[in-house]
Amino acid sequence: MRAGEQTSRHLLLAVITTVFGGALGLITVVMAWELWTIPLMAAGCFSVWLLHIAEIGSDTFYESCCAGLMLLEFFFFSVHESSLYDIPAVACILILALFMLNKRWVLYVLVALYALALAYHVLILHTVSFHIGFRNGLRLELGAAVTLGAAALAGYWIKQRSIQRKWYNRVFAELEASGKQNAVFLSNVSHELRTPINMVIGISEVALGKELTPDIRADMNSIKLAGERLSSQISKMLDYTEIVEGTLTPAKEPYMITSVLNDVITNTALQSNQQHLEVVFDIDPRMPAVLVGDAEKISHVLKILVENSIKFTEEGGVNVRIGCRQESYGVNLMIDIRDTGIGMTDSQMLQMYDDFYQADSGSSRLVGGLGLGLPIARGLLNAMGGFIHFENKGQQGLHAHIVIPQGVADSQSCIVLNRADQVCVACYFKPERYSCDEVRGYYDSLIRNLLEGLAIHGYQTHSFEGLLKLQRNYSLTHVFIAQSEYEEDRAYYEELAATLRVVVIAEKDFVLDSRSGLQIMHKPFSALSVANLLNGDLDARGFAEAQAAGRKPFTCPGVRALAVDDEEMNLVVARGVLGSYGIEVDTCLSGKEAVARCGSASYDIIFLDHMMPGFDGVQTLKRIREIQDGAYQELPVIALTANTVSGAREMFRSEGFTEFVPKPIERTVLERVLRRVLPNRCIQYSEGPEGVSSGAPQAVPAEEKPEAPDSAPEAAVREESGSGEAPVDETALLYDRLARAGINVELGLNYCGGDGSFFRKMLRMFHAGSGNKKAEIIALYEAANWTDYAIKVHSLKSTSLTIGAEALSAQAKELELAGKRGDEDFIRSNHPALMDAYDAICALLAEV
């Protein structure tokens, strides 16, 4: 298959071959030469075009065919009596035409054919003899001299061109090597910075989960934000090195496009919006629910471009529109990002892809960064087979258009609305409130696309009188208003909320009165958020999905994890981060110790550093998989690595790992992995919706197990009423009663990251699940199914230790080990005592 950059040259070569053959055919007819050769010449030209259009064969094969055809035609022309003195002219034309090929063998063959033709004239045709006369002899000599001179001159320039090309190749190789050396240096620096940044971010997250004074909390937040910013820059440097080295490997995995959009929306919401920009996320609800591609890279590209738009927009807004176009291979994912920022000049447009280039450069620049965003975005898109095109609107902003080919795994709509025929929506926004006409267009377009895509009845008005008219004429179920419209007449909307659902689109720091009947939808405004709220009642499947897709916090009570790393500070962070999800975490500093731990204890999940001295991650994994005749073959083992190169997931899976989590551990990535590898029974979502006030419905995603990253689990520890913090005296009394009953409160709090409200939630969950768990244990005991019995008491051991019930956990542990070794006598002697202790703990929890 010929390279694309050769197409224009090959087209020119095909044209020259055709013209040369056509001219020779015309001469053949005029001179009455062998007419049977004309079909052969036509067939040759047809073959050349067929090879060109179908792109059959290599470059060398195609060029050789064209040159060979013209050389044969040249020889045919040369062996006729009437062409003797015209041979040099045709030879020079052919040298000029074939000079572009840079092939010296063509010149040698041409000269040889010229000599052979002269010999044919001398020996066969006898048109050259001693009797041709002085003038004709001089013509032959001059013709031969011109032909040989042209061939020699062409050969010289081909040689010079070859020397020049070698010099360029050497320079390019040196530049490429220099670029790769820089990339390796950046990669090494980035990896060296990863570990301390892991410590900064992780420890700050753990500290923020504890009771802190306002001043210290503010300082810790500042430390965490600074660490995250530096971590982001490190990630960019690593991405840049992959692009430079050409090691990007896009994944081909099913993903939900709504999950990608959720990820970007959350990332945008966490950014500072000092300019009070209107950021609008629009998606076509009719898009396929599950696409096949690299969700992480698409999310990364979107984050880069949205962040850039926000960074260079001082007033107005940013609009992100996601749609698709059907293709034979699936769809073309089309993303349009528009802003009302400062735009770019023509010179900036030409330089925007240069490495480290920033349009706003110099010591007085208004924004920070390394200038790697757009080169990284373009590199990621190229790796996925996509492209990006920018349209500059001068001082009125920039429009980025992205196209990425994707497969389709599920063609049903990505957003589904239950009972759409029962929904009637009114939207009331005052257009004069927005400084830019473009922003008004963003909102109008989103509302129009959402109403059409979900097939619901909806109306839009720009005045209060229009809203009253809509109320009189239609049976509205939902009214969406802006924050400013609500503040103009709070009493009216509170009264209206008694008869239908009123939603306020507000800034993220806006709160309603606790007695308000309205709901809040915090900015950034998105089609997915509107669909989540509109959807109403959900079935069990939809509710579980909505919790994940709606970024619902969750915990993993009863899960025991082993974290293995040769860096103590990484283990401290892993223990703190994993512990905040209610996971019981054991740690060890080497692969050998990890194998020993796994031989004597049971774990639900293992986090294993990929690179360690002695047993590395792969060797440790193989030893763990072989323990107890393969009892751990299905155990989820997650690779922890700072080497987050492209294609890492495929590499780790090929080595036997279940998944991988890059260091420093990011909660969104960790939560996605936990939801993917842990059984559904281990994931417990908090109750009630998040981000909207009581009673708000959740989203209906289109897939049973969405992979959208969720928000951090701190919100999961909130109490069902109030702030979640019990009065101090009540808390002290609770802890005292637990301690007198033999529960190690301090240990339980440590397992819960020092968070008192989360500890109380663990107590409630332990009590709530005790009935079913006890019944399962008793049933297995009576059936003498010691294998499953060991599994159940292992779960009891883990959950009881999570709440600080050490004695109960120790009893369960002894019985678990007995079940694993099949010691029936020990189990029957100690099982009643375990049940009595379990009942006593549950009775205490029921009282408190």
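Modeller: Helices (H or I, at least four residues) and strands (E, at least two) are DSSP runs, numbered from the N terminus. This is a predicted model: local features need pLDDT of at least 70, side-chain atom pairs count only at pLDDT 80 or more, and totals for chains, interfaces and linings use all residues. Residues are numbered from 1 along each chain as its sequence is written, and side-chain values use heavy atoms, with hydrogens and water left out.

Colleague: Let's get the overall picture, then. How many helices and strands does the protein have?

Modeller: The chain elements are the DSSP runs just described. Counted that way, the protein has 29 helices and 20 strands.

Colleague: And what percentage of the 848 residues is buried?

Modeller: Buried means under 20% relative accessible area, exposed over 50%, and partly exposed in between (1.4 Å probe, protein chains only). Of the 848 residues in the protein, the buried share is 50%.

Colleague: What about contacts: what share joins residues at least 24 apart?

Modeller: Contact here means heavy atoms within 4.5 Å. Take the contacts in the protein between residues at least 6 apart in sequence; the share that joins residues at least 24 apart is 74%.

Colleague: Now some odd backbone spots. Which peptide bond is cis?

Modeller: Most peptide bonds are trans. Pro 524 is found in the loop between strand S12 (519-522) and strand S13 (525-526). The bond leading into Pro 524 has omega near 10° and is cis, and that bond runs from Lys 523 to Pro 524.

Colleague: Glu 55 caught my eye too. What is its phi?

Modeller: Most residues other than glycine have a negative phi. Glu 55 sits in the loop between helix H2 (37-54) and helix H3 (59-78), and its relative accessible area is 31%, so Glu 55 counts as partly exposed. Its phi is positive, though Glu 55 isn't a glycine, and the value is near 55°.

Colleague: Then Ala 455: buried or exposed?

Modeller: Ala 455 is in the loop between helix H12 (437-454) and strand S9 (457-461). Although it is not a glycine, Ala 455 has a positive phi of about 55°. Its relative accessible area is 60%, so Ala 455 is exposed.

Colleague: On to helix H6. How far apart in space are the C-alpha atoms of Asn 198 and Gly 227?

Modeller: Asn 198 lies in helix H6 (residues 134-208), and with 3% relative accessibility Asn 198 counts as buried. Along the chain, Asn 198 and Gly 227 are 29 residues apart; their C-alpha atoms are separated by 8.3 Å.

Colleague: Leu 230 and Ile 197 look like another such pair. What's their distance, C-alpha to C-alpha?

Modeller: Leu 230 belongs to helix H7 (residues 214-245). With a relative accessible area of 36%, Leu 230 is partly exposed. Leu 230 and Ile 197 are 33 residues apart in sequence, but the C-alpha to C-alpha distance is 7.6 Å.

Colleague: What about Glu 659: which strand holds it?

Modeller: Glu 659 has a relative accessible area of 1%, so Glu 659 is buried. Its place is in a strand spanning residues 659-662, namely S19.

Colleague: Last one. At what angle do H26 and H29 pack?

Modeller: H26 brings residues including Ile 777, Ile 778 and Tyr 781 to the contact, and H29 brings residues including Met 835, Tyr 838 and Cys 842. Axes are lines fitted to C-alpha atoms over the stretch in contact, and angles run from 0 to 180 degrees between N-to-C directions. For helix H26 (residues 770-782) and helix H29 (residues 824-847), the axes are 12 Å apart and the packing angle is about 170°.
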